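Thanks, everyone. I will go through one structure this morning, starting with the ligand and then moving to salt bridges and cysteines.

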Amino acid sequence: MNRIAIIGGGPAGLMAAEVARASGAEVDVYEAKGSVGRKFLIAGKGGLNLTHSERRPAFDRRYRERSDDVAAWLDGFDADALRDWARDLGVDTYVGTSGRVFPMDRKAAPLLRGWVRRLREDGVRFHVQHRWTGWTDGALRFDTPDGELLVHAGATVLALGGGSWPQLGSDGAWTPWLSAQGVDVAPLLSSNCGFDIGWSGHFAQRHAGTPLKPVVAYWRDAGGAEHSLQGECVVTATGIEGSLVYALSASLRDSITAHGSAMLHLDLAPGRDLARLERDLSKSRDGRSLGEHLRRQSGISGAKAALVFEALGKSAGDDIARLARTIKRLPLRLLRPRPIEEAISSAGGVRLEAMDASLMLRAMPGVFCAGEMLDWEAPTGGYLLTACFTSGRRAGLGAAKWLGKAAA
Ligand SMILES: Cc1cc2nc3c(=O)[nH]c(=O)nc-3n(C[C@H](O)[C@H](O)[C@H](O)COP(=O)(O)OP(=O)(O)OC[C@H]3O[C@@H](n4cnc5c(N)ncnc54)[C@H](O)[C@@H]3O)c2cc1C
């Protein structure tokens, strides 16, 4: 029983394994897939955004309702500590223009390879193709290529991930198993996701895949307060996605839950004020088409122009004041978030109130949870991985301490 079982070989589980092993415990990592860190590797495809250089407490506020809880985890291991940790593995990082932090080579694979090698050298045992399926008489039950396996462990860290991109291993199958044990689990929801709008077939066919940049988004949170943010998004076949939309996704999703749909307004011409736009658009068209007039007088063309026509229809040119207002505040009704399978991350999971400060489940002493399977969410920008690493560390330390207490 001097063993700690870590289930899930993502960043949270591997970090838990690292600190648990450093405390002297026997550590076994069980992973359902044939290799660990698959989502971490995919995160590296677009240039691994490991963390963010934003200073605390602004950094903490990215975790919304959970900022106080995550702040406590970050007190033990924050973004700077994460960068030092990566450097220790031979991976130097740099701060990009947006403040995001990346490995110098922007890749996840060298970091993951070096990390797993070091964990193995330190004595962590890896068991891939071991899919945990719950408990039998207090033992952990796994499906393995050799049949069912029962494992007794002195402490367990569950780091099973959320529900997005299930093909990479984190499929959320664990939620009913924990609920059945009396653990309070919030439903998994799409986070950092696109939204459906329901374009006309003509618009979708012509403009899916087109970026909209720069634009300023205006939206109201579920409480009715208006916010704005400049950025970029992309038209999709069914609606809209991209970094700007991801950043608002929690708020928009909650508004849809509360009101059935959410209004997003886009300023398609952030560089021009309404009065100038109206003045320029009022100039004579000299026989030019409205599309050409828009392009010349407001810089609006392509998908942006098509959005204006989609909103105003054939009469778009009849009322210049209305046309200018629409360019400055194009209304988009968001119908629903895209399915969780497509989202970058998920919200929901094990409620933090179901755990003590060491991330041990109150209903299941000796069982700890970490990473995206916990009920917090944050925008992209490195905040996701940072919370996974720091909660993994806290859960691993908690498990080691629990084991020490049991042995004493
Ligand atoms: C396309 C994409 C890009 C991303 N880019 C970034 C980025 O640049 N920066 C950032 O901060 N975040 C990014 N993220 C999010 C980030 O990758 C995740 O938040 C993070 O990987 C979650 O870590 P985790 O350890 O909690 O879970 P995961 O990484 O999902 O790992 C969980 C592991 O548990 C295993 N598992 C699940 N169930 C079982 C079971 N029953 N038995 C055994 N094993 C099981 C899974 O196979 C998986 O390996 C990105 C996500 C996606 C999808």
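By a polar contact I mean a pair of N or O atoms within 3.5 Å. This is a predicted model, so please keep that in mind throughout.

With that cut-off, take the ligand. One of its oxygen atoms lies 2.6 Å from an N or O atom in the side chain of Glu372. An oxygen atom of the ligand is also 3.1 Å from an N or O atom in the Ser170 side chain. Trp132 takes part through its backbone: an N or O atom there is 2.9 Å from a ligand nitrogen.

How much of the ligand's accessible area does the protein cover? On its own the ligand has 990 Å² of accessible area, and the protein covers 95% of that. Two or more residues of the surrounding shell come from each of these elements: helix α1, residues 11-22; α2, 38-43; strand β7, 131-136; and α14, 383-407. The shell holds 30 residues, and the closest are Glu31, Asn49, Trp132, Glu372 and Leu385. Sorted by class, 15 are nonpolar, ten are polar and five are charged.

Next, the salt bridges. The count is 30, and I will show three of them.

The first on my list is Arg125 with Glu26, where the N to O distance is 2.9 Å. Arg125 sits in strand β6, residues 125-128, and Glu26 in strand β2, residues 26-31, so this pair ties together parts of the chain 99 residues apart in sequence. As for the surroundings, Arg125 is partly exposed at 34% relative accessible area, and Glu26 is partly exposed at 28%.

Then there is Asp254 with Arg64, whose closest N and O atoms are 3.2 Å apart. Asp254 belongs to helix α9, residues 243-259, while Arg64 is in the loop between α3 and α4; the two residues are 190 apart. Both ends are partly exposed, Asp254 at 25% relative accessibility and Arg64 at 30%.

My last pair is Asp196 with Arg336, again a salt bridge, at 2.9 Å from N to O. Here strand β12, residues 195-196, supplies Asp196 and strand β18, residues 336-337, supplies Arg336, so parts 140 residues apart in sequence are tied together. Is each end buried or partly exposed? Asp196 is buried, with a relative accessible area of 7%, whereas Arg336 counts as partly exposed at 43%.

Some of these bridges share partners. Arg64, Glu65, Arg253, Asp254 and Glu377 are joined into one network that way, and the Asp254 to Arg64 bridge I just showed lies between two of its members.

Finally, the cysteines. How many disulfides are there? The count is zero. Take Cys233: the nearest cysteine sulfur belongs to Cys193 and is 13 Å away, and Cys233 is in no disulfide. Cys233 is buried, at 1% relative accessible area. For Cys369, the closest cysteine sulfur is in Cys388, also 13 Å away, which is too far for a bond. Cys369 counts as buried too, at 0% relative accessibility.

To recap, we have a ligand with 95% of its accessible area covered by the protein, a count of 30 salt bridges, and zero disulfides. I am happy to take questions.

Conventions:
Residues are numbered from 1 along each chain as its sequence is written. This is a predicted model: local features need pLDDT of at least 70, side-chain atom pairs count only at pLDDT 80 or more; totals for chains, interfaces and linings use all residues. Side-chain values use heavy atoms; hydrogens and water are left out. A salt bridge is a side-chain nitrogen of Lys or Arg within 4 Å of a carboxyl oxygen of Asp or Glu. Helices (H or I, at least four residues) and strands (E, at least two) are DSSP runs, numbered from the N terminus. Buried means under 20% relative accessible area, exposed over 50%, partly exposed in between (1.4 Å probe, protein chains only). A disulfide is a pair of cysteine sulfur atoms within 2.5 Å. A residue is near a molecule or strand if one of its heavy atoms lies within 4 Å of it. A polar contact is a pair of N or O atoms within 3.5 Å; within protein, one must be able to donate a hydrogen and the other to accept it, and residues adjacent in sequence count only if both atoms are side-chain atoms. Accessible areas come from the Shrake-Rupley method with a 1.4 Å probe; for residues, only the protein chains shown count as cover. Ala, Val, Leu, Ile, Met, Phe, Trp, Tyr, Cys and Pro count as nonpolar, Asp, Glu, Lys and Arg as charged, and the others, Gly among them, as polar.
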